[in-house]
Amino acid sequence: MQKPLRPTDATKNKLTAVRERIHDAARAAGRRPEEIRLLAVSKRHPARHIAALVELGQRDFGENYVSEALEKQAQLADLPITWHFIGPIQSNKTTAIAEHFSWAHSVDRVKILRRLSSGRPADYPPLNVCLQVNLEQEASKSGAAPEAVAELAALAGQLPGLRLRGLMCIPQPTDDPQEQRRVFGQLRELLARLPHRDELDTLSMGMSGDLESAVAEGATWVRIGTALFGARPG
Ligand SMILES: *Cc1c(COP(=O)(O)O)cnc(C)c1O
């Protein structure tokens, strides 16, 4: 690997600030801060920035592009990192995802579920899966329609090599906290209505601009890029 970046004060301050935001949002919602986990979204940031956060105790990292992620994983192979795939999943990338990640947050159709299942090596623990839901029904975005989620969840529960953990969403960005909470609340209600609700422990929702609203509505993973790493290069 390139020379590991020694964590700068700026990096430390950003991580501390994000942890405080999560802590404060949890308290405001009457939740225990430990219920909310921080996924550091490292897309387009170099491996040495990831290494700096690992040195500060961060363990979970989310990537959106398979080839970029595999390169960084090779560079960081000796570090204690849990890798999450959070980008759109193309069917020709499912084997690589099944072999190189612990979590897939962005599963939205039957074909992808089946391919992740068959691609997961038999001697690995199950791949943790979240179903991505398109709550606002935007044609341009990935994610399953809310009506399709129960059937996908049932299938995910049956396929070998997968462990369904819960639901994920990426709402339209808005500055209006009420609107943020309305959409996150829909994901929470959708999870509550699924069969085997008691086995599902995950709501992957909330990013740099709306994590407080997500925590207020029950987020268990917040996926944070910009607030941790700064603006993404190029
Ligand atoms: C990029 C990305 C994030 C992080 O967004 P920020 O606004 O930079 O915090 C979270 N989730 C997904 C799926 C992303 O693609």
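Trainee: Which exposed residues does the face of α3 turned away from its buried side carry?

Mentor: That face carries Ser67, Glu71 and Ala74. Keep in mind as we go that this is a predicted model.

Trainee: And which residues of α3 are buried?

Mentor: In helix α3, residues 66-75, the buried ones are Val66, Glu68, Ala69, Lys72 and Gln73.

Trainee: What makes these buried residues line one face of the helix?

Mentor: Looking down the axis of α3, you find its buried residues within an arc of 160°, so they line one face. The general background helps here: an α-helix has 3.6 residues a turn, so residues three or four places apart point the same way.

Trainee: What do the buried residues of α3 pack against?

Mentor: They pack against two helices, α2 (47-55) and α4 (94-100), and two strands, β2 (60-63) and β3 (82-85).

Trainee: Let's turn to α6. How do you know that its buried residues line one face?

Mentor: The buried residues of α6 (residues 149-158) are Val149, Leu152, Ala153, Leu155 and Ala156. Seen down the axis of α6, they fall within an arc of 165°, so one face of the helix is lined by them. On the other side, Glu151, Gly157 and Gln158 are exposed. The buried residues pack against α5 (110-119), β5 (127-132), β6 (162-168) and α7 (177-192).

Trainee: Why is β5 called mostly covered?

Mentor: Six of its six residues are buried. Leu127, Val129 and Leu131 are buried on one side, and Asn128, Cys130 and Gln132 on the other, so both faces of β5 are covered.

Trainee: What makes β4 and β5 count as paired strands?

Mentor: Pairing takes at least two bridges, and β4 (residues 103-107) is joined to β5 by three, in the parallel sense. The chain crosses from β4 to β5 through α5, and this β-α-β crossover is right-handed. As one example of a bridge, Trp103 has Asn128 of β5 as its partner.

Trainee: How many bridges join β5 to β6?

Mentor: Six bridges join them, and the two strands run parallel. Leu127, for instance, has Leu162 in β6 as its bridge partner.

Trainee: Why is Ser117 called buried?

Mentor: Its relative accessibility is 10%, and the cut-off for buried is under 20%, so Ser117 counts as buried. Ser117 sits in helix α5. Setting aside neighbours within four places in sequence, Ser117 is in contact with Leu159, Pro160 and Leu162.

Trainee: Why is Arg44 called partly exposed, and His196 exposed?

Mentor: Arg44 has a relative accessible area of 35%, which falls between the 20% and 50% limits, so the term is partly exposed. His196 is at 55%, and exposed means over 50%.

Trainee: What else is there to say about the backbone of these two residues?

Mentor: Phi of Arg44 is near 65°, a positive value in a residue other than glycine. Phi of His196 is near 60°, also positive. In general, most residues other than glycine have a negative phi. Arg44 lies in the loop between β1 (37-41) and α2, while His196 is in the loop between α7 and β7 (202-204).

Trainee: Finally, what makes the approach of Ser208 to the ligand a polar contact?

Mentor: An N or O atom in the side chain of Ser208 is 2.5 Å from an oxygen atom of the ligand, and the limit for such a pair is 3.5 Å, so the pair qualifies. The side chain of Arg232 has an N or O atom 2.8 Å from a ligand oxygen. For Gly225, a backbone N or O atom lies 2.8 Å from an oxygen atom of the ligand.

Key: Residues numbered from 1 in each chain as written. Predicted model: local features only at pLDDT ≥ 70, side-chain atom pairs only at ≥ 80, totals over all residues. Heavy atoms only, no water. Buried < 20%, exposed > 50% of the residue type's maximum accessible area, 1.4 Å probe, protein only. Helix = DSSP H or I, 4+ residues; strand = E, 2+ residues; numbered from the N terminus. Arc of directions from axis to C-beta. Contact = heavy atoms within 4.5 Å. Right-handed = clockwise from strand over helix to strand, strands pointing away. Polar contact = N/O pair within 3.5 Å; in protein donor to acceptor, adjacent residues only side chain to side chain.
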